[in-house]
Amino acid sequence: MIILGIESSCDETAAAVVQDGRRLLSNVVNSQVDIHAEYGGVVPEVAARSHIEVINPVIRQALREAGVTWDDIDAIAVANAPGLVGSLLVGVLAARMLAELHDKPLYPVHHVEGHIYANFITEQSDSLGSSRSPDVSSGPSSGTQPETQSRHEVRPDGTIGRAGDALKLPSRQPTFPMLALAVSGLHSQLVLFEGHGDYRLLGETLDDAVGEAFDKVARMLGLPYPGGPAIAAIATQGDPLRYALPKAKLKSPYDFSFSGLKTAVLRSIQREVGVDHTFASHKLPGLLNDVQRADFAASFQHTAVKTLVDATVKAVHEHSPASVVIAGGAAANQELRRQLSEKLPFPVEYAPMSLCTDNAAMIAALGYFRAQTLDPTPVDSVSVHPSLSMAQTVWNV
Ligand code: KG4
Ligand code: ZN
């Protein structure tokens, strides 16, 4: 079964073609990172407008790189929750229109669940990534050609670059029960899956998501958006134990809180540069030297990652899952991968970086597994749900 996935929930416009929930035929991601970096974060109106400009060329390119036509596509899956309402609408309306036009079943899916299903992609077509000419000849309104080749991948050193041709994929699909640590710019959750779509939330963040904390601390340090890769990159030169930062103590061992950690970093920076808490925070980066900046990045990353890893390890001991997966943008973090490998009682295989950050291959993979158990949703009733929790989307009941 060949599924076209469409993803536009935040600042990446993506389309991908995946066969049987495991074989990647194409994976096109048009990132708006450069646009939003100017503003220091995602601007919702700018994001929606940019999705509109590139969505059609991105979808066309995904079909072309996969070497398929509409006749080969068995179904469409689209992320319809959660995310920015204007951004979600663009992908959902495109998916609805294409499903209607080509008479294809449509499966709306949850974005965070999708991140977790990126781990089910274990094969790729030989020709993947070999296409070099973007299929954007009929650019939309502006007449300019959108850059649909800006697929990005977070490199091991945390910087962002072009995705390589071949991905290093896990050797086999995860088995159940499966423990998933989903960590993105909006979510930090530990989820226990008993089977496809059969899961329960063990815990989640009570305030900021971990990716959001990386983004906010990056700002304090004068680092660019997105903060995760920027912090990870300079943390490699810093001392993770230079600044003692507290780990939040919560009632549930599986819940997280990153807001206190973020404030602790702020107070520690203020102390280090000799100003009080009334000092304008946007002027702080200018008072830090490179060594202090790297040490703050490393110390923050160390504590944030330890928080996630401690909860994951505890859940492994309590629930004895057959597999552990990590998912979401922050799952690209090398320190997270390192600490997990060190502390888990068995080896873990990680999804490649470019399938951790937002993409549509994960949406197509999830769409396949939903299609095995669920009827498609009537096209007219597929709407967007900007703040739908994963706890409300258990589907294999
Ligand atoms: O999943 P994602 O691409 O988009 C959302 O669904 O939110 O996650 C983006 C988040 C951002 O907050 C970004 O700073 C964080 O993931 N991120 C990282 C890394 N790469 C991206 N956080 C920590 N370390 C990284 N290497
Ligand atoms: Zn995401």
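Here are some friendly notes on this predicted model, one topic at a time.

1. **The overall chain.** Let's begin with the whole fold. The chain has 397 residues, and 58% of them count as buried. Its secondary structure consists of 11 helices and 12 strands. Among contacts between residues at least 6 apart in sequence, 74% join residues at least 24 apart. The accessible surface of the chain comes to about 16100 Å², and carbon and sulfur atoms account for 52% of that area.

2. **The zinc site.** Which residues hold the zinc ion (ligand 2)? The protein donors are H111 and H115, each through NE2, together with D358 through OD, and they lie 2.0 to 2.1 Å from the metal. Along the sequence, these donors follow the spacing H-x3-H-x242-D. Both histidines sit in helix α4 (residues 111-117), where they are four residues apart, about one turn of the helix. H111 and H115 are both buried.

3. **The surroundings of ligand 1.** There are 20 residues around ligand 1, and G185, D215, G228, G329 and N333 come nearest. By type, the shell divides into six nonpolar, 11 polar and three charged residues. Helices α4, α5 (210-220) and α6 (227-235) each supply at least two residues of this shell. The largest share comes from α5, with four residues. For anyone browsing the structure, α4 is worth a second look: it carries H111 and H115 and also contributes to the shell around ligand 1.

4. **Polar contacts to ligand 1.** Three pairs involving oxygen atoms of the ligand can be checked on screen. A polar side-chain atom of D215 lies 2.7 Å from an oxygen atom of ligand 1. From G185, a backbone N or O atom lies 2.9 Å from a ligand oxygen. A polar backbone atom of A330 is 3.5 Å from an oxygen atom of ligand 1. Taken alone, ligand 1 exposes 550 Å², and the protein buries 92% of that.

5. **Helix α11.** How much of helix α11 (residues 361-373) is buried? The count is 11 of its 13 residues, so the helix is largely enclosed by the rest of the structure. The buried residues include M362, I363, L366, Y368 and F369, and R370 is also among them.

6. **H51 and its neighbours.** H51 belongs to helix α2 (residues 44-66). Is H51 buried or exposed? With a relative accessible area of 0%, H51 is buried, the limit for that label being under 20%. The side chain of H51 reaches the backbone oxygen of S8 at 3.3 Å. Leaving aside neighbours within four places in sequence, H51 is in contact with S8, C10, D11, E12, T13, Q32, S87 and V90.

7. **Two cis peptide bonds.** One cis bond joins F176 and P177, with omega about -5°. P177 has its place in the loop between β8 (160-162) and β9 (178-183). Another cis bond joins Y225 and P226, again with omega about -5°. P226 is in the loop between α5 and α6, and both of those helices supply residues to the shell around ligand 1.

8. **Positive phi values.** D20 is not a glycine, yet its phi is positive, near 50°. D20 is found in the loop between β2 (12-19) and β3 (23-31) and is partly exposed, with a relative accessible area of 30%. D103 likewise has a positive phi, of about 55°. D103 is found in the loop between α3 (85-102) and β5 (106-110) and is exposed, with a relative accessible area of 69%.

Methods. Residues are numbered from 1 along each chain as its sequence is written. Chains are lettered from A and ligands numbered from 1 in the order in which they are written. This is a predicted model: local features need pLDDT of at least 70, side-chain atom pairs count only at pLDDT 80 or more; totals for chains, interfaces and linings use all residues. Side-chain values use heavy atoms; hydrogens and water are left out. Donors are N, O and S atoms within 2.8 Å of the metal (3.2 Å for Na, K and Ca); water is not among the atoms, so sites may look incomplete. Buried means under 20% relative accessible area, exposed over 50%, partly exposed in between (1.4 Å probe, protein chains only). Contact means heavy atoms within 4.5 Å. Accessible areas come from the Shrake-Rupley method with a 1.4 Å probe; for residues, only the protein chains shown count as cover. A residue is near a molecule or strand if one of its heavy atoms lies within 4 Å of it. A polar contact is a pair of N or O atoms within 3.5 Å; within protein, one must be able to donate a hydrogen and the other to accept it, and residues adjacent in sequence count only if both atoms are side-chain atoms. Ala, Val, Leu, Ile, Met, Phe, Trp, Tyr, Cys and Pro count as nonpolar, Asp, Glu, Lys and Arg as charged, and the others, Gly among them, as polar.
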